[in-house]
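Here are some notes to go with the model, written as numbered points. Keep the structure open while you read.

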Amino acid sequence: MRLVVQNLACRRGVRTLFAGLGFTLEAGRALIVTGPNGTGKSSLLRILAGLARPEAGVLRLEGAPEPDDFAEDVHYLGHLDAHKGALSAQENLAFWRAMLGRPALTVGEAMEAVGLGGLERLPVAVLSAGQKRRLALARLLVAERPLWLLDEPTTALDAAAQARFAELARAHVSAGGLIVAATHAPLDFGPCDGLDLGAWRPTRPVAERVDA
Amino acid sequence: MSRAFLALLARDLRLALRAGGGAGLGVVFFLAVVVVTPFAIGPDLALLARIGPAILWIGALLASLIGLDRLFSADAEDGALDVLAMGALPLELVAAAKGLAHWIATGLPLVVAAPVLALLLNLAPASIGALTLTLLVGTPAITFLGLIGAAFAAVFRRGGLLVAVLVMPLTIPVLIFAVAATSTALGGTVPFGTPFRILLGLSLAAMVLGPIAAAAALRVARD
(Lines give C-alpha, C1' and ligand atoms only; values in the text may rest on other atoms or scores of the structure.)
Protein backbone atom coordinates (compact mmCIF):
# COMPACT_ATOMS: atom_id res chain seq x y z
CA MET A 1 0.00 0.00 0.00
CA ARG A 2 1.25 3.49 -0.72
CA LEU A 3 -0.05 7.02 -0.76
CA VAL A 4 0.62 8.93 -3.95
CA VAL A 5 0.05 12.67 -4.14
CA GLN A 6 0.68 14.53 -7.39
CA ASN A 7 0.63 18.19 -8.23
CA LEU A 8 -1.64 19.08 -5.31
CA ALA A 9 -2.78 22.66 -4.86
CA CYS A 10 -4.84 24.17 -2.08
CA ARG A 11 -6.51 27.53 -1.99
CA ARG A 12 -8.28 29.21 0.89
CA GLY A 13 -10.16 32.26 -0.27
CA VAL A 14 -7.85 34.20 -2.56
CA ARG A 15 -4.68 32.81 -1.00
CA THR A 16 -2.98 29.80 -2.54
CA LEU A 17 -1.47 27.88 0.37
CA PHE A 18 0.59 25.48 -1.69
CA ALA A 19 0.76 24.37 -5.29
CA GLY A 20 2.49 21.63 -7.22
CA LEU A 21 2.88 19.53 -4.07
CA GLY A 22 3.79 15.92 -4.68
CA PHE A 23 5.06 13.02 -2.62
CA THR A 24 4.87 9.27 -2.37
CA LEU A 25 4.61 7.55 0.99
CA GLU A 26 5.39 3.84 1.10
CA ALA A 27 3.79 1.42 3.56
CA GLY A 28 5.72 1.20 6.79
CA ARG A 29 6.76 4.85 6.76
CA ALA A 30 5.59 8.04 8.40
CA LEU A 31 5.53 11.49 6.86
CA ILE A 32 6.11 14.39 9.20
CA VAL A 33 4.65 17.61 7.81
CA THR A 34 6.23 20.74 9.21
CA GLY A 35 6.05 24.41 8.40
CA PRO A 36 5.18 27.71 10.00
CA ASN A 37 1.60 28.49 11.06
CA GLY A 38 -0.74 29.12 8.18
CA THR A 39 1.18 27.20 5.54
CA GLY A 40 -1.62 24.68 5.09
CA LYS A 41 -0.67 21.69 7.24
CA SER A 42 -4.20 21.20 8.50
CA SER A 43 -5.62 21.91 5.06
CA LEU A 44 -3.36 19.25 3.56
CA LEU A 45 -4.59 16.69 6.10
CA ARG A 46 -8.23 17.60 5.49
CA ILE A 47 -7.70 17.19 1.76
CA LEU A 48 -6.08 13.80 2.30
CA ALA A 49 -9.00 12.79 4.53
CA GLY A 50 -11.48 13.74 1.80
CA LEU A 51 -12.99 16.43 4.02
CA ALA A 52 -11.93 19.25 1.72
CA ARG A 53 -11.53 19.47 -2.01
CA PRO A 54 -8.15 20.36 -3.47
CA GLU A 55 -7.85 23.16 -6.00
CA ALA A 56 -5.96 20.78 -8.29
CA GLY A 57 -4.06 17.55 -8.14
CA VAL A 58 -4.46 13.81 -7.73
CA LEU A 59 -4.58 11.67 -4.58
CA ARG A 60 -4.39 7.89 -4.60
CA LEU A 61 -4.02 5.25 -1.93
CA GLU A 62 -2.67 2.40 -4.02
CA GLY A 63 -3.58 -0.99 -2.66
CA ALA A 64 -6.79 0.23 -1.02
CA PRO A 65 -10.15 -1.22 -2.13
CA GLU A 66 -11.00 2.13 -3.70
CA PRO A 67 -7.72 3.90 -4.48
CA ASP A 68 -9.38 7.17 -5.54
CA ASP A 69 -11.90 7.46 -2.72
CA PHE A 70 -10.13 6.08 0.29
CA ALA A 71 -11.75 7.95 3.18
CA GLU A 72 -12.90 4.63 4.64
CA ASP A 73 -9.28 3.51 5.01
CA VAL A 74 -8.24 6.58 6.92
CA HIS A 75 -8.22 7.62 10.56
CA TYR A 76 -8.42 11.39 10.79
CA LEU A 77 -7.51 13.00 14.08
CA GLY A 78 -8.00 16.73 13.82
CA HIS A 79 -7.73 19.49 16.40
CA LEU A 80 -11.12 18.47 17.78
CA ASP A 81 -11.49 15.29 19.76
CA ALA A 82 -15.00 14.33 18.54
CA HIS A 83 -16.24 13.35 22.00
CA LYS A 84 -19.54 14.02 23.71
CA GLY A 85 -19.01 15.47 27.16
CA ALA A 86 -22.23 13.98 28.54
CA LEU A 87 -21.22 10.41 27.72
CA SER A 88 -18.61 8.41 29.60
CA ALA A 89 -15.20 7.69 28.13
CA GLN A 90 -16.22 4.10 27.58
CA GLU A 91 -19.50 5.02 25.86
CA ASN A 92 -17.71 7.43 23.54
CA LEU A 93 -15.10 4.91 22.53
CA ALA A 94 -17.60 2.05 22.21
CA PHE A 95 -19.69 4.25 19.93
CA TRP A 96 -16.76 4.98 17.60
CA ARG A 97 -15.78 1.31 17.62
CA ALA A 98 -19.26 0.28 16.46
CA MET A 99 -19.62 3.25 14.11
CA LEU A 100 -16.28 2.96 12.33
CA GLY A 101 -16.39 -0.80 11.80
CA ARG A 102 -13.44 -3.13 11.20
CA PRO A 103 -12.82 -3.36 14.98
CA ALA A 104 -9.29 -3.81 16.29
CA LEU A 105 -8.61 -3.48 20.03
CA THR A 106 -11.49 -3.66 22.49
CA VAL A 107 -12.48 -0.50 24.35
CA GLY A 108 -10.75 -1.67 27.54
CA GLU A 109 -7.52 -2.58 25.75
CA ALA A 110 -7.42 0.72 23.87
CA MET A 111 -7.97 2.74 27.05
CA GLU A 112 -5.26 0.75 28.76
CA ALA A 113 -2.92 1.36 25.80
CA VAL A 114 -3.24 5.14 26.07
CA GLY A 115 -2.99 5.08 29.86
CA LEU A 116 -6.63 5.79 30.70
CA GLY A 117 -7.31 2.49 32.48
CA GLY A 118 -9.73 2.96 35.37
CA LEU A 119 -11.37 6.13 33.97
CA GLU A 120 -13.86 4.28 31.76
CA ARG A 121 -16.96 5.33 33.66
CA LEU A 122 -16.18 9.03 34.03
CA PRO A 123 -18.05 11.50 31.82
CA VAL A 124 -15.69 13.00 29.27
CA ALA A 125 -16.66 16.48 30.43
CA VAL A 126 -14.72 16.01 33.68
CA LEU A 127 -11.54 14.70 32.02
CA SER A 128 -8.54 17.00 31.65
CA ALA A 129 -7.43 18.30 28.25
CA GLY A 130 -4.61 15.76 28.10
CA GLN A 131 -6.91 12.90 29.06
CA LYS A 132 -9.42 13.94 26.39
CA ARG A 133 -6.61 13.90 23.83
CA ARG A 134 -5.55 10.44 24.97
CA LEU A 135 -9.12 9.25 24.51
CA ALA A 136 -9.08 10.69 20.98
CA LEU A 137 -5.87 8.75 20.32
CA ALA A 138 -7.57 5.61 21.63
CA ARG A 139 -10.06 5.99 18.76
CA LEU A 140 -7.20 5.18 16.36
CA LEU A 141 -6.74 1.85 18.10
CA VAL A 142 -10.33 0.56 18.25
CA ALA A 143 -10.83 0.48 14.48
CA GLU A 144 -8.36 -0.80 11.96
CA ARG A 145 -7.27 1.69 9.29
CA PRO A 146 -4.03 1.59 7.29
CA LEU A 147 -3.54 5.36 6.96
CA TRP A 148 -3.48 7.64 10.00
CA LEU A 149 -3.77 11.39 9.46
CA LEU A 150 -2.76 13.18 12.63
CA ASP A 151 -3.07 16.92 13.13
CA GLU A 152 -0.91 17.93 16.11
CA PRO A 153 -1.60 14.59 17.81
CA THR A 154 0.32 15.32 20.98
CA THR A 155 -1.23 18.66 21.94
CA ALA A 156 -1.81 18.79 25.71
CA LEU A 157 -0.03 15.46 26.27
CA ASP A 158 2.63 15.20 28.95
CA ALA A 159 6.09 13.83 28.14
CA ALA A 160 5.28 10.29 29.24
CA ALA A 161 2.07 10.21 27.21
CA GLN A 162 3.92 11.59 24.16
CA ALA A 163 6.47 8.78 24.42
CA ARG A 164 3.70 6.24 24.89
CA PHE A 165 1.88 7.53 21.81
CA ALA A 166 5.09 7.56 19.75
CA GLU A 167 5.47 3.90 20.66
CA LEU A 168 1.92 3.12 19.44
CA ALA A 169 2.60 5.03 16.22
CA ARG A 170 5.86 3.13 15.66
CA ALA A 171 3.98 -0.14 16.17
CA HIS A 172 1.42 0.94 13.55
CA VAL A 173 4.15 1.87 11.07
CA SER A 174 6.17 -1.28 11.63
CA ALA A 175 3.02 -3.34 11.02
CA GLY A 176 2.90 -1.83 7.52
CA GLY A 177 0.72 1.18 8.26
CA LEU A 178 1.16 4.73 7.02
CA ILE A 179 1.11 7.95 9.02
CA VAL A 180 0.93 11.54 7.88
CA ALA A 181 1.37 13.81 10.88
CA ALA A 182 1.46 17.58 11.07
CA THR A 183 3.38 18.60 14.13
CA HIS A 184 5.67 21.11 15.75
CA ALA A 185 6.83 18.68 18.41
CA PRO A 186 9.77 16.40 17.62
CA LEU A 187 8.14 12.98 17.41
CA ASP A 188 9.87 9.69 16.76
CA PHE A 189 7.53 7.64 14.59
CA GLY A 190 10.21 5.27 13.27
CA PRO A 191 11.22 5.44 9.60
CA CYS A 192 10.24 8.94 8.60
CA ASP A 193 10.06 11.21 5.59
CA GLY A 194 9.91 14.95 6.07
CA LEU A 195 7.81 17.49 4.24
CA ASP A 196 8.35 21.18 4.86
CA LEU A 197 5.23 22.93 3.55
CA GLY A 198 6.93 26.29 3.89
CA ALA A 199 9.07 25.32 0.88
CA TRP A 200 5.99 24.72 -1.29
CA ARG A 201 4.55 28.13 -0.82
CA PRO A 202 3.94 29.70 -4.21
CA THR A 203 5.98 32.74 -5.11
CA ARG A 204 2.80 34.75 -5.51
CA PRO A 205 0.44 33.46 -2.83
CA VAL A 206 -2.42 35.77 -3.66
CA ALA A 207 -4.25 34.57 -6.74
CA GLU A 208 -4.77 37.11 -9.44
CA ARG A 209 -8.08 38.79 -9.27
CA VAL A 210 -10.44 37.94 -12.02
CA ASP A 211 -12.41 41.00 -13.00
CA ALA A 212 -15.99 40.02 -13.50
CA MET B 1 -23.65 -0.86 8.08
CA SER B 2 -26.80 -1.47 10.12
CA ARG B 3 -24.51 -1.81 13.15
CA ALA B 4 -23.19 1.69 12.54
CA PHE B 5 -26.74 2.99 12.01
CA LEU B 6 -27.90 1.49 15.30
CA ALA B 7 -24.79 2.72 17.11
CA LEU B 8 -25.48 6.29 15.99
CA LEU B 9 -29.18 5.97 16.85
CA ALA B 10 -28.34 4.67 20.32
CA ARG B 11 -25.75 7.38 20.95
CA ASP B 12 -28.09 10.21 19.94
CA LEU B 13 -30.91 8.78 22.05
CA ARG B 14 -28.61 8.46 25.02
CA LEU B 15 -27.42 12.04 24.56
CA ALA B 16 -31.00 13.30 24.30
CA LEU B 17 -32.12 11.49 27.44
CA ARG B 18 -29.14 12.49 29.59
CA ALA B 19 -29.51 15.56 31.75
CA GLY B 20 -29.38 18.64 29.57
CA GLY B 21 -30.07 16.61 26.45
CA GLY B 22 -33.28 18.45 25.75
CA ALA B 23 -35.63 15.51 25.18
CA GLY B 24 -38.16 16.86 27.67
CA LEU B 25 -38.07 20.40 26.35
CA GLY B 26 -40.50 19.78 23.49
CA VAL B 27 -43.12 18.18 25.72
CA VAL B 28 -42.89 20.99 28.25
CA PHE B 29 -43.32 23.56 25.48
CA PHE B 30 -46.28 21.58 24.09
CA LEU B 31 -47.80 21.43 27.56
CA ALA B 32 -47.32 25.18 28.04
CA VAL B 33 -49.06 26.05 24.75
CA VAL B 34 -52.02 23.80 25.42
CA VAL B 35 -52.48 24.78 29.05
CA VAL B 36 -52.32 28.49 28.35
CA THR B 37 -54.75 28.42 25.41
CA PRO B 38 -58.01 27.86 27.41
CA PHE B 39 -57.10 30.80 29.62
CA ALA B 40 -56.57 33.02 26.60
CA ILE B 41 -59.67 31.88 24.70
CA GLY B 42 -62.02 31.85 27.65
CA PRO B 43 -64.37 29.17 29.01
CA ASP B 44 -66.28 28.56 25.77
CA LEU B 45 -66.29 24.75 25.59
CA ALA B 46 -67.80 24.54 22.11
CA LEU B 47 -65.22 26.93 20.70
CA LEU B 48 -62.36 25.05 22.40
CA ALA B 49 -63.54 21.73 21.00
CA ARG B 50 -63.69 23.24 17.53
CA ILE B 51 -60.24 24.87 17.50
CA GLY B 52 -58.61 22.32 19.84
CA PRO B 53 -57.08 20.11 17.13
CA ALA B 54 -55.55 23.16 15.44
CA ILE B 55 -54.08 24.42 18.73
CA LEU B 56 -52.63 21.01 19.51
CA TRP B 57 -51.12 20.72 16.06
CA ILE B 58 -49.59 24.20 16.18
CA GLY B 59 -48.10 23.35 19.56
CA ALA B 60 -46.75 20.04 18.27
CA LEU B 61 -45.31 21.67 15.15
CA LEU B 62 -43.42 24.31 17.12
CA ALA B 63 -42.33 21.81 19.77
CA SER B 64 -40.93 19.52 17.05
CA LEU B 65 -38.72 22.32 15.78
CA ILE B 66 -37.12 22.84 19.19
CA GLY B 67 -33.61 21.45 19.32
CA LEU B 68 -33.40 20.79 15.59
CA ASP B 69 -30.84 23.57 15.11
CA ARG B 70 -28.39 21.69 17.34
CA LEU B 71 -28.90 18.33 15.61
CA PHE B 72 -25.90 18.58 13.28
CA SER B 73 -24.16 21.67 14.60
CA ALA B 74 -23.28 19.97 17.91
CA ASP B 75 -21.48 17.27 15.92
CA ALA B 76 -19.89 19.83 13.62
CA GLU B 77 -18.50 21.81 16.55
CA ASP B 78 -16.86 18.90 18.34
CA GLY B 79 -15.42 17.35 15.18
CA ALA B 80 -17.62 14.26 15.25
CA LEU B 81 -19.26 15.16 11.94
CA ASP B 82 -15.89 14.92 10.15
CA VAL B 83 -15.33 11.42 11.46
CA LEU B 84 -18.92 10.40 10.71
CA ALA B 85 -18.56 11.68 7.15
CA MET B 86 -15.52 9.46 6.55
CA GLY B 87 -17.14 6.22 7.71
CA ALA B 88 -18.73 3.49 5.63
CA LEU B 89 -22.22 4.68 6.56
CA PRO B 90 -23.37 7.15 3.85
CA LEU B 91 -24.18 10.66 5.04
CA GLU B 92 -27.81 10.11 4.02
CA LEU B 93 -28.12 7.30 6.54
CA VAL B 94 -26.20 9.29 9.15
CA ALA B 95 -28.83 12.01 8.72
CA ALA B 96 -31.64 9.46 8.83
CA ALA B 97 -30.32 7.88 12.04
CA LYS B 98 -30.01 11.26 13.70
CA GLY B 99 -33.49 12.24 12.50
CA LEU B 100 -34.99 9.03 13.83
CA ALA B 101 -33.31 9.48 17.20
CA HIS B 102 -34.55 13.06 17.35
CA TRP B 103 -38.09 11.96 16.56
CA ILE B 104 -38.07 9.21 19.20
CA ALA B 105 -36.74 11.66 21.78
CA THR B 106 -38.96 14.66 20.97
CA GLY B 107 -41.74 13.64 18.53
CA LEU B 108 -42.94 10.43 20.13
CA PRO B 109 -43.46 12.01 23.59
CA LEU B 110 -45.71 14.60 21.91
CA VAL B 111 -47.84 11.82 20.45
CA VAL B 112 -48.09 10.17 23.87
CA ALA B 113 -48.90 13.44 25.64
CA ALA B 114 -51.50 14.61 23.10
CA PRO B 115 -54.47 12.46 24.28
CA VAL B 116 -54.04 13.73 27.84
CA LEU B 117 -53.67 17.35 26.79
CA ALA B 118 -56.63 17.02 24.41
CA LEU B 119 -58.86 16.63 27.48
CA LEU B 120 -57.91 20.16 28.51
CA LEU B 121 -59.33 21.44 25.24
CA ASN B 122 -62.62 19.49 25.58
CA LEU B 123 -62.02 17.30 22.54
CA ALA B 124 -64.49 14.48 21.84
CA PRO B 125 -63.10 10.91 22.04
CA ALA B 126 -63.31 10.49 18.26
CA SER B 127 -61.38 13.71 17.78
CA ILE B 128 -58.73 12.59 20.27
CA GLY B 129 -58.22 9.33 18.38
CA ALA B 130 -57.96 11.11 15.04
CA LEU B 131 -55.62 13.72 16.48
CA THR B 132 -53.27 11.15 18.00
CA LEU B 133 -53.15 9.21 14.76
CA THR B 134 -52.35 12.31 12.72
CA LEU B 135 -49.64 13.29 15.19
CA LEU B 136 -48.10 9.82 14.99
CA VAL B 137 -47.98 10.05 11.21
CA GLY B 138 -47.29 13.77 10.86
CA THR B 139 -44.56 14.51 13.42
CA PRO B 140 -41.95 12.32 11.63
CA ALA B 141 -42.60 14.42 8.51
CA ILE B 142 -41.80 17.59 10.46
CA THR B 143 -38.64 16.13 11.99
CA PHE B 144 -37.31 14.78 8.70
CA LEU B 145 -38.11 18.01 6.83
CA GLY B 146 -36.38 19.74 9.71
CA LEU B 147 -33.20 17.79 8.95
CA ILE B 148 -32.70 20.06 5.95
CA GLY B 149 -32.76 23.16 8.12
CA ALA B 150 -30.60 21.42 10.73
CA ALA B 151 -27.95 20.67 8.11
CA PHE B 152 -27.88 24.29 6.98
CA ALA B 153 -27.65 25.43 10.61
CA ALA B 154 -24.50 23.32 10.95
CA VAL B 155 -23.07 24.64 7.69
CA PHE B 156 -23.57 28.29 8.52
CA ARG B 157 -22.32 28.45 12.07
CA ARG B 158 -24.79 30.07 14.43
CA GLY B 159 -27.53 29.66 11.87
CA GLY B 160 -30.18 28.55 14.36
CA LEU B 161 -32.71 30.99 12.98
CA LEU B 162 -32.43 29.31 9.58
CA VAL B 163 -34.20 26.21 10.83
CA ALA B 164 -37.40 28.09 11.52
CA VAL B 165 -37.19 30.16 8.34
CA LEU B 166 -36.36 27.23 6.05
CA VAL B 167 -38.44 24.51 7.60
CA MET B 168 -41.66 26.32 8.50
CA PRO B 169 -42.89 26.80 4.90
CA LEU B 170 -42.17 23.14 4.13
CA THR B 171 -44.26 21.98 7.06
CA ILE B 172 -47.37 23.96 6.09
CA PRO B 173 -48.86 21.13 3.93
CA VAL B 174 -48.39 18.70 6.81
CA LEU B 175 -50.23 21.06 9.13
CA ILE B 176 -53.08 21.62 6.66
CA PHE B 177 -53.78 17.97 5.96
CA ALA B 178 -53.27 16.86 9.57
CA VAL B 179 -55.77 19.38 10.92
CA ALA B 180 -58.14 18.65 8.03
CA ALA B 181 -58.05 14.94 8.86
CA THR B 182 -58.71 15.63 12.53
CA SER B 183 -61.64 17.93 11.72
CA THR B 184 -63.40 15.20 9.73
CA ALA B 185 -64.01 13.41 13.03
CA LEU B 186 -66.38 16.28 13.95
CA GLY B 187 -68.44 15.63 10.85
CA GLY B 188 -68.37 17.01 7.34
CA THR B 189 -68.49 15.74 3.82
CA VAL B 190 -64.91 14.52 3.46
CA PRO B 191 -64.08 11.10 4.96
CA PHE B 192 -61.12 10.83 7.36
CA GLY B 193 -59.13 8.71 4.92
CA THR B 194 -58.79 11.32 2.20
CA PRO B 195 -56.65 13.94 3.97
CA PHE B 196 -55.05 11.23 6.12
CA ARG B 197 -53.68 9.39 3.08
CA ILE B 198 -52.19 12.61 1.75
CA LEU B 199 -50.61 13.15 5.17
CA LEU B 200 -49.16 9.63 5.01
CA GLY B 201 -47.75 10.38 1.58
CA LEU B 202 -46.21 13.64 2.77
CA SER B 203 -44.64 11.83 5.69
CA LEU B 204 -43.14 9.07 3.56
CA ALA B 205 -41.79 11.58 1.06
CA ALA B 206 -40.22 13.63 3.87
CA MET B 207 -38.56 10.54 5.36
CA VAL B 208 -36.89 9.82 2.03
CA LEU B 209 -36.14 13.32 0.79
CA GLY B 210 -35.20 14.93 4.11
CA PRO B 211 -32.05 12.86 4.77
CA ILE B 212 -30.99 13.08 1.11
CA ALA B 213 -31.33 16.86 1.06
CA ALA B 214 -29.61 17.19 4.45
CA ALA B 215 -26.67 15.05 3.29
CA ALA B 216 -26.39 17.12 0.11
CA ALA B 217 -26.30 20.32 2.19
CA LEU B 218 -23.59 18.90 4.43
CA ARG B 219 -21.52 17.82 1.40
CA VAL B 220 -21.74 21.15 -0.36
CA ALA B 221 -20.49 22.82 2.78
CA ARG B 222 -17.19 20.96 2.63
CA ASP B 223 -14.95 23.46 0.95
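The points below go from the whole chain to single residues.

1. A caveat before anything else: this is a predicted model. Please read every distance and contact below as a property of that model.

2. Let's begin with the make-up of chain A. You'll find 5 helices and 8 strands in it. Going from the N terminus, the order is β-β-β-α-β-β-α-α-α-β-α-β-β.

3. On overall size, chain A has a radius of gyration of 18 Å, which agrees with the value near 17 Å for a compact globule of 212 residues. Along the principal axes, the C-alpha atoms occupy a box of roughly 60 × 35 × 30 Å.

4. How much of chain A is buried? Buried residues come to 44% of the 212. As for contacts in chain A with a separation of 6 or more, 71% of them join residues 24 or more positions apart.

5. Now look at the sheet, which is open and has 3 strands in the order E2-E1-E4 of chain A, paired antiparallel. Why do E2 and E4 of chain A each have one side without a neighbour in the sheet? Strand E2 (15-26) and strand E4 (56-62) stand at the edges with a single partner strand each, so one side of each is left free of a sheet neighbour. On average, neighbouring strands here are turned by 15° against each other, direction ignored.

6. For a closer look at one pairing, take strand E1 of chain A, residues 2-12, which runs antiparallel to E4(A) over 6 bridges. If you want a pair of residues to click on, A:Gln6 sits opposite A:Val58 in E4(A). Helix H1 of chain A, residues 41-48, packs on this sheet and touches E1, E2 and E4 of chain A. The direction of H1 makes about 125° with that of E1(A).

7. Staying with helix H1 of chain A, one residue to check there is A:Ser42. Is A:Ser42 buried, partly exposed or exposed? A:Ser42 has 18 C-beta neighbours inside 10 Å, so it counts as partly exposed; being buried would take 20 or more. Setting aside neighbours within four places in sequence, A:Ser42 is in contact with A:Asp151 and A:Ala182. A:Ser42 and A:Leu150 are 108 residues apart along the chain, yet their C-alpha atoms are separated by 9.1 Å.

8. For contrast, try A:Arg139, which sits in helix H4 of chain A, residues 129-142. A:Arg139 counts as buried because it has 23 C-beta neighbours inside 10 Å. Not counting residues up to four places away in sequence, A:Arg139 touches A:Leu93 and A:Trp96. Between the C-alpha atoms of A:Arg139 and A:Lys84, which are 55 residues apart along the chain, the separation is 13 Å.

9. Last, the contact with chain B. Here 22 residues of chain A are in contact with 21 residues of chain B. On the chain A side, strand E5 (74-77) and helix H2 (89-100) each supply at least two residues. Which element gives the most to that side? H2(A) does, with 4 residues. Sorted by class, the side of chain A that touches chain B has 14 nonpolar, 4 polar and 4 charged residues.

Key: Residues are numbered from 1 along each chain as its sequence is written. Chains are lettered from A and ligands numbered from 1 in the order in which they are written. This is a predicted model: local features need pLDDT of at least 70, side-chain atom pairs count only at pLDDT 80 or more; totals for chains, interfaces and linings use all residues. A residue is buried if 20 or more other C-beta atoms lie within 10 Å of its own, exposed if 12 or fewer, and partly exposed in between; C-beta atoms are placed from the backbone. Two residues are in contact if their C-beta atoms, placed from the backbone, lie within 7 Å. Two strands pair if DSSP finds at least two bridges between them. Axes are lines fitted to C-alpha atoms, for helices over the stretch in contact, and angles run from 0 to 180 degrees between N-to-C directions. The radius of gyration is taken over C-alpha atoms; the globule rule is 2.2 Å times the number of residues to the power 0.38. Ala, Val, Leu, Ile, Met, Phe, Trp, Tyr, Cys and Pro count as nonpolar, Asp, Glu, Lys and Arg as charged, and the others, Gly among them, as polar.
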